[in-house]
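Colleague: Could you pick one part of this model and take me through it slowly? I'd like the cut-offs spelled out as you go.

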Amino acid sequence: MRTIKPSITVGITGSRGFIASHLIRRLSAEKDIRVVTCPRADLQNPFGLASFIRECDTIVHLAGANRGDEREVYQINSGLADRLVEALTSDDKPPHVIFASTTERDRANGYGRSKKYGEDQLRKWAARKGGRATVLVIPNVYGAGCRPYYNSVVATFCHQLTHDQLPIVIDDQQLELLWVNDLVEAILEAVRRPPAGVEVARIAGSARITVSQLLSKLQSFRHSYFDEQIVPNLTDPFDASLYTTFLSHVELKDHCHRPRLQSDARGQLFEILRLAGGGQIFFSTTKPGAIRGNHFHSRKIEWFCVVRGEAVIRLRRVGDGSVSEFRVSGASPQFIS
């Protein structure tokens with residue numbers, strides 16, 4: 001089998017961050033992409049940063065601060081942008097730069113202003129040196145590994161609800177939320193399609209929801225998981241990604257659920273799972289010669305599958321004496337409905 005050698009080297013700044021951790025895993029799965037990360041110390045060292053840049057075909061700039069003192073956040077992010085552009089300017093064949101900006105770029109807060117400044121510096125560099133840059137305008141990002149009290153209100157609410165704390169809505173504004181895996185796919189596409197000059201790409205969120213609506217949804221997840229032990233309706237992709245985010249904040253010791261075991265002369269039975277949309281999954285053992293059933297349901301639909309051993313399942317219509325018999329075995333599982 002021929003080994004495919006990587007043809008693209010992608011460098012990532014801020015590699016210890018939430019988004020970067022997901023991006024590194026995703027890019028590392030691509031056979032033609034080699035991922036390198038910029039040590040935090042090299043972001044402060046012109047020689048280290050220049051060496052990092054020379055190694056890359058594309059740089060995804062994720063390093064920075066998004067919470068804290070307004071002035072400090074601005075100084076950190078604008079300083080990083082200045083050092084990056086300075087290193088790019090000294091390179092004869094600079095890489096394509098993917099810059100993580102924000103939907104807050106036009107707001108007066110330190111975070112938004114620092115991102116706007118970074119965009120402007122990249123534009124000036126591209127105009128002077130013929131460089132290539134993709135500016136990704138990103139809304140609120142959520143997902144597994146998101147830090148509470150820092151990255152997202154989603155993470156904060158999930159942490160509080162899974163640790164017996166009381167979440168409080170301070171500002172019931174509308175949020176545009178983007179699942180981190182969707183963002184990572186957008187970054188991968190930008191890696192593979194560098195522009196001729198500077199391109200600004202607005203990444204659309206997965207959902208728009210108020211803070212109170214978000215909290216209500218997460219509270220329902222908590223109730224279904226801890227109190228009712230029911231899997232909620234996850235047909236909506238946003239609900240599914242939000243639920244996996246919620247589960248990522250549940251302590252590992254709390255992932256254990258003990259079903260109630262029922263025993264009688266026929267064998268044992270317990271409920272494995274209940275679904276919010278209706279329905280349950282049961283597992284049972286039946287002793288040799290024992291008979292279960294001999295009843296019918298007017299609305300309930302049952303599917304039976306033998307996973308170990310052998311059994312005979314007999315079906316007949318209500319009021320009809322004719323019987324269909326199915327001999328089933330765990331050696332060749334099949335469903336009888």
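Modeller: Sure, what follows is a close look at one sheet, and then at a few other pieces.

Some housekeeping: this is a predicted model, where local features need pLDDT of at least 70 and side-chain atom pairs count only at pLDDT 80 or more, while totals for chains, interfaces and linings use all residues. Residues are numbered from 1 along each chain as its sequence is written, and side-chain values use heavy atoms, with hydrogens and water left out.

The sheet to look at is open and has 6 strands, ordered β2-β1-β3-β4-β5-β8, with parallel pairing. Strands here are DSSP runs of E, at least two residues, and helices are runs of H or I, at least four, numbered from the N terminus; two strands pair if DSSP finds at least two bridges between them. At the edges sit β2 (33-37) and β8 (198-202), each pairing on one side only. From one strand to the next the twist averages 20 degrees. (Axes are lines fitted to C-alpha atoms, for helices over the stretch in contact, with angles from 0 to 180 degrees between N-to-C directions.)

Now go strand by strand. β1 and β3 are joined in the parallel sense over 4 bridges, with Thr13 opposite His61 in β3. On to β4 (residues 96-102), which β3 also pairs with in the parallel sense over 4 bridges; there, Val60 has Ile98 as its bridge partner. Towards the β8 edge, β5 (residues 133-138) and β8 run parallel over 5 bridges, and Ala133 is partnered by Val198.

What happens on the two faces of β3? In a regular strand the side chains alternate between the two faces of the sheet. In β3, Thr58 and Val60 on one side and Ile59 and His61 on the other are all buried, so both faces are covered; buried means under 20% relative accessible area, exposed over 50%, and partly exposed in between, with a 1.4 Å probe and protein chains only. Helix α2 (residues 46-54) lies across β1, β2 and β3 (58-61), running at about 150 degrees to β1.

Just past β1 there's Ser15, in the loop between β1 (8-13) and α1 (18-28). Ser15 counts as partly exposed because its relative accessibility is 21%. Leaving out residues up to four places away in sequence, Ser15 touches Ala20, Ser21, Ile24, Thr37 and Cys38, where contact means heavy atoms within 4.5 Å. Its C-alpha atom and that of Arg40, 25 residues along the chain, are separated by 8.6 Å.

There's another open sheet, of 3 strands, ordered β6-β7-β9 with mixed pairing. β6 and β7 (residues 174-179) pair in the parallel sense over 3 bridges, with Tyr142 matched to Trp179 in β7.

Two helices to finish: α5 (residues 153-161) and α8 (residues 237-248) pack at about 50 degrees, their axes 8 Å apart. That makes them oblique to each other: under 35 degrees counts as roughly parallel, over 145 as roughly antiparallel, 65 to 115 as roughly perpendicular, and the rest as oblique. Where they meet, α5 brings Val154, Cys158 and Leu161, and α8 brings Leu242, Thr245 and Phe246.
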